[in-house]
Amino acid sequence: FGKPLIVNRSSGTRVELFFDDNISHSKDCTKIVDVRDQKGQPVWPVYAQTHYLCRAEPLESICDDEYFVKIVKDKESMFFRKLDARASLTSSMLKARTSNLSGLDPVSLDEYDAWSKEKQQLSLQLNSVSEDWRHEADPLSPSSKGSRTNGLSDLEAS
């Protein structure tokens, strides 16, 4: 565990940021920072790195007076994109909830199979391959591909 950072993921007005030069950009861990939500649940490392953690590069920050300002602006723009996406999703869910679905036929979950069309196509493809293979495997079959001589292919016969 690293330094604790407690974040409020549902806040629409504030972003918590943590600057450190030892923050790892690994998809599996944040190394020096232990990011958790208000309930104490760990925040997914990639999400934490995207929204809350800022790897501070000492040399860049010394050379660029606006270094930290630029990072804050970048994180702020990601924060507003997240808020826009959340608002769009909420709006879509409310529209779906209030739309008139009475004209649709209810389908039982036991009867519904989302993959039925794909399964049918795969079955047809497998049957076709199976037929081709059977004809290929039978050297005496008139529909077998290539000429055969006593069960030998042209290369084996020569």
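The protein exposes about 12400 Å², of which carbon and sulfur atoms supply 57%. This is a predicted model, and of its 158 residues 22% count as buried. The secondary structure comes to five helices and four strands, and from the N terminus on these elements follow the order β-β-β-α-β-α-α-α-α. Among contacts with a separation of 6 or more, 56% are accounted for by residues 24 or more positions apart.

The largest nonpolar core has 11 residues, namely L5, V7, F18, I23, I32, V33, V35, V43, A48, Y52 and L53. At least two residues of this core are supplied by each of β1 (3-7) and β3 (33-37). One member of the core is V35; leaving out residues up to four places away in sequence, V35 touches L5, V7, Q41, P42, V43, A48, Y52 and L53.

A polar residue that merits separate description is D20, which is found in strand β2 (residues 18-20). D20 counts as buried because its relative accessibility is 10%, where buried means under 20%. A polar atom of the D20 side chain lies 2.7 Å from the backbone nitrogen of N22.

The contacts of the two residues, with neighbours within four places in sequence left aside, can be set side by side.

| Residue | Contacts (heavy atoms within 4.5 Å) |
|---|---|
| D20 | K3, I32, C54, R55 and A56 |
| V35 | L5, V7, Q41, P42, V43, A48, Y52 and L53 |

I32, which is in contact with D20, is itself one of the residues of the largest nonpolar core.

Technical notes. Residues are numbered from 1 along each chain as its sequence is written. This is a predicted model: local features need pLDDT of at least 70, side-chain atom pairs count only at pLDDT 80 or more; totals for chains, interfaces and linings use all residues. Side-chain values use heavy atoms; hydrogens and water are left out. Buried means under 20% relative accessible area, exposed over 50%, partly exposed in between (1.4 Å probe, protein chains only). A polar contact is a pair of N or O atoms within 3.5 Å; within protein, one must be able to donate a hydrogen and the other to accept it, and residues adjacent in sequence count only if both atoms are side-chain atoms. A nonpolar core is a set of buried Ala, Val, Leu, Ile, Met, Phe, Trp, Tyr and Cys residues joined through side-chain atoms within 4.5 Å. Accessible areas come from the Shrake-Rupley method with a 1.4 Å probe; for residues, only the protein chains shown count as cover.
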